[in-house]
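The following paragraphs lead the reader through one protein structure, from its general outline to individual residues. Please keep the sequence and the model in view while reading.

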Amino acid sequence: MKATFKYMLALALSLTFITGCDEGFDEINTNKVDPTSLAPSLILNKAIIATTYLDGVSTLGMLCYNFGIVQQVITPYGSSLSGGNYNQLNNANSPLVWVNFYRNVIKQLVAVTEQTKGDPLSANIYHAARIWKAYAFMILTDTYGDIPYFDAGKGYISEEIRPKYDPQEAVYKDILKELEEAAGALDASQPAVTTDILYGGDIARWKKLGYSLMLRAGMRLTKIDPTTAKTYVTKAVAGGLFASNADNSVIRHTSLYNNFIANHLAAREKTNFYLAAPFVNYLKENNDPRLPVFAVRYVGAKGGPEQTPERAKSDPNLQIGMPMGYNDVTINSVLAENGVVSLWDFTQINLTTVLKLDAPEFHITYAQVQLLLAEAAVRGWVTGEAADYYAKGIRANLEQMASYDVKATIKEDAILAYLKAHPLDAAKALDQINTQYWVATFLDGNESWANFRRSGFPALKKNPYPGSEIKEDFIRRMPYPDSEIVVNLQNVNDANARQGPNDLNTRMWWDKK
């Protein structure tokens, strides 16, 4: 009896102790200066930043495929650097857009929209996130074709770990709907979200971004659905597009937060990547004042260590682009005929201007908008003269060079001379407009490659590399990652059954022959 009493007393005392210690436990053990969740506006910023070339690995994928396919930047090296330079599948580089966007960008954007969609005070954040989500999904579907769209990014929300793949037609039509609704619903009367990394909460400029992306998305359908394309181009113009370079969607960098392509080349790959001959030759033959901004040649360099500042020359007359179709061994057979002493003597991207460590990175620009309008005018879809839009687009891109560095500024007399020498010729308008778009999207490999497939311009020749693995003249899409085949096989198979084989040759819905 005495033992039982002692046990009961001890139990009562212990419960009293536990209860007393529990009082105020949550308050005491909560770090009030370390938030457990980020504000939606900050998550949106994170998604916007992640949409750029997020790290060195993603940058390598872009350098090895998109830039090489459109023959702007090339490497003669294989192994981990193979891709568009050899027209070969590189399973390490082809999935990098997919991996970055689904693991980072889409996951974050879905989180923002889910968190804000029912909150009237967060309406502008919600609609801005919808606009950016549309942009991100455009890049994904333009790269892979049919993709997880309606069910994407819901792993943490509804445990949807094997999302179905939606046909690209459905993806694009919903992208257009989202851009129309979101841009129209943005409300400038609400308090500005000053933490906004793109426009500092300027809703008028976010609206212009939404409608400018709608123009881009609408024009993507010119080959497959011109009726829908015209409808949304008209809506975009009515909504209000970028009006100057001040409206450009751009990520600005600093000496601490670097441009990732610049950092990657300067730190690891400077001696491996070169401007391709088709790009350099086009700029040289047309006396383009952008060439010295884009290009540098380490004249006479016989190896990487000889690519020194003393050898660096941006004189247009000295630039020699690397020819397509060679590797690091076979390139030696054409050195003399190209006027170089080694492969390290070819022209490269200028790391003191467009690829300074703090160089800005553009998503969509006023120049691109004007060039798209020029094509729309040629097609009779918008009012105004195609030649006027064309000239404004070229001028805007020439003036945009000043944003890289003061020494990259192109003077007014040079701009006027270039415009006078390159008027729009109605007989070859689509070629001229889209070739200028090719230049105006330099360093945006996603858009350069997409518009090249859509328009067929510039009229590039097939990369003659003898080890090519493709049947068409150019790579049309990236295959789905092996990881998807492992974890989401049925949905991958369904997409392949609709779209075609999971390889570099298969054209996507809007890329109709």
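With 513 residues, a compact globule would have a radius of gyration near 24 Å; the value for this protein is 26 Å, which agrees with that expectation. The model is a predicted one. Along its principal axes, the C-alpha trace of the protein spans about 110 × 55 × 50 Å. The secondary structure of the protein comprises 22 helices and nine strands.

The next matter is how the chain is packed. Of the 513 residues in the protein, 55% are buried; a residue counts as buried when its relative accessible area is under 20%. Among the contacts with a separation of 6 or more, 75% join residues that are 24 or more positions apart. The surface may be described as well: the protein exposes about 22,000 Å², and carbon and sulfur atoms supply 56% of that area.

Charged residues deserve separate attention. The protein has 50 positive and 54 negative charges, and the mean positions of these two groups are 2 Å apart. Side chains of opposite charge can pair when their charged atoms come close. How many salt bridges does a search of the whole structure find? The search finds 28.

One of these salt bridges is formed by Asp-247 and Lys-208, whose closest N and O atoms are 3.3 Å apart. Asp-247 lies in the loop between α11 (226–239) and β4 (249–251), whereas Lys-208 belongs to helix α10 (residues 203–219), so the pair ties together parts that are 39 residues apart in sequence. Is Asp-247 buried or exposed? Asp-247 counts as buried because its relative accessibility is 4%. Its partner Lys-208, at 23% relative accessibility, counts as partly exposed.

A second salt bridge joins the side chains of Asp-511 and Lys-223, with an N to O distance of 2.8 Å. Here Asp-511 lies in the segment after α22 (489–499) and Lys-223 in the loop between α10 and α11, so the pair ties together parts that are 288 residues apart in sequence. Asp-511 has a relative accessible area of 1% and is therefore buried. Lys-223, by contrast, counts as partly exposed, with a relative accessibility of 25%.

A salt bridge also links Asp-358 with Lys-356; in this case the closest N and O atoms are 3.6 Å apart. Asp-358 has a relative accessibility of 34% and so counts as partly exposed.

Salt bridges may also be joined into a network. Which residues are linked in this way? They are Arg-130, Asp-174, Lys-177, Glu-178 and Glu-181. Of this network, Glu-181 may be examined further: it is placed in helix α9 (residues 168–185). With a relative accessible area of 37%, Glu-181 is partly exposed. Glu-181 and Thr-254 are 73 residues apart along the chain, and their C-alpha atoms are separated by 35 Å.

Attention now turns to three further residues. Glu-375 is part of helix α16 (residues 366–378). Its relative accessibility is 2%, and Glu-375 therefore counts as buried. When its neighbours within four places in sequence are left aside, Glu-375 is in contact with Met-219, Thr-222, Leu-430, Ile-433, Asn-434 and Arg-454.

Asp-225 is found in the loop between α10 and α11, the loop that also holds Lys-223. Asp-225 counts as buried because its relative accessibility is 15%. From Asp-225 to Asp-142 the distance is 16 Å in space, C-alpha to C-alpha, and the two are 83 residues apart in sequence.

Gln-115 has its place in helix α6 (residues 96–116). Is Gln-115 buried or partly exposed? Its relative accessibility is 45%, so Gln-115 counts as partly exposed. Not counting residues up to four places away in sequence, Gln-115 touches Leu-38, Pro-40 and Ile-43. Gln-115 and Thr-141 are 26 residues apart in sequence, and 25 Å lie between their C-alpha atoms.

Key. Residues are numbered from 1 along each chain as its sequence is written. This is a predicted model: local features need pLDDT of at least 70, side-chain atom pairs count only at pLDDT 80 or more; totals for chains, interfaces and linings use all residues. Side-chain values use heavy atoms; hydrogens and water are left out. Helices (H or I, at least four residues) and strands (E, at least two) are DSSP runs, numbered from the N terminus. The radius of gyration is taken over C-alpha atoms; the globule rule is 2.2 Å times the number of residues to the power 0.38. Buried means under 20% relative accessible area, exposed over 50%, partly exposed in between (1.4 Å probe, protein chains only). Contact means heavy atoms within 4.5 Å. Accessible areas come from the Shrake-Rupley method with a 1.4 Å probe; for residues, only the protein chains shown count as cover. Lys and Arg count as positive and Asp and Glu as negative; His and the chain ends are not counted. The place of a charge is taken as NZ of Lys, CZ of Arg, CG of Asp or CD of Glu. A salt bridge is a side-chain nitrogen of Lys or Arg within 4 Å of a carboxyl oxygen of Asp or Glu.
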